[in-house]
Amino acid sequence: MKNLGAMMKQAQQMQAKMQEMQAKLDAMTVDGASGGGMVKVTLTGKGDMKKLSIDPSLVDPEEREVLEDLIVAAHADAKQKVEAMMAEEMQKATAGLNIPGLGGGLGGLGGFKLPF
């Protein structure tokens, strides 16, 4: 029964750290860019797009497809940065907690999917 109590305490600590991490991620922003910075995307730490900036020189009806590709590339750049930031925050949140199956960081979650 002593192990169960220790596990429950760890689970409570983990839950508190996860809630703190989610609030922190929602407050953070990450910028992604493409086309040499001509297209910029700002995402929250949870991956929600907050801002899109397009250099006026790219707004040409004949080059619409290029602009669309640059927007997708800028979003992908920002999303990759968000995922790296999430992995770092997850590692901080789980540091010192010995919870089976979680391992270190997102890579060691064994299929565990975060709700954000």
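**Briefing: a buried glutamate, a nonpolar core and a surface patch**

At 6% relative accessibility, E89 counts as buried, a term that means under 20% relative accessible area, with exposed meaning over 50% and partly exposed in between (1.4 Å probe, protein chains only). This is a predicted model, in which local features need pLDDT of at least 70 and side-chain atom pairs count only at pLDDT 80 or more, while totals for chains, interfaces and linings use all residues. Residues are numbered from 1 along each chain as its sequence is written, and side-chain values use heavy atoms, with hydrogens and water left out.

**Surroundings of E89**
- E89 belongs to helix α2; helices (H or I, at least four residues) and strands (E, at least two) are DSSP runs, numbered from the N terminus.
- Leaving aside residues up to four places away in sequence, E89 touches M21, K24, L25 and M28, where contact means heavy atoms within 4.5 Å.

**Nonpolar core**
- The largest nonpolar core (buried Ala, Val, Leu, Ile, Met, Phe, Trp, Tyr and Cys residues joined through side-chain atoms within 4.5 Å) has 18 residues.
- Two or more residues of this core come from each of α1, β2 (39-44) and α2 (64-94), and α2 gives the most, with 9 residues.
- Among the residues with the most contacts inside the core are M21 and L25, both of which also touch E89.

**Helix α1**
- L4 lies in helix α1 (residues 2-27) and counts as partly exposed because its relative accessibility is 42%.
- The UniProt record, an unreviewed entry, places a "coiled-coil region" at residues 4-31; such annotations may be inferred rather than shown by experiment.
- Residues 4-31 are 86% helix and 11% strand, and their end C-alpha atoms lie 43 Å apart.
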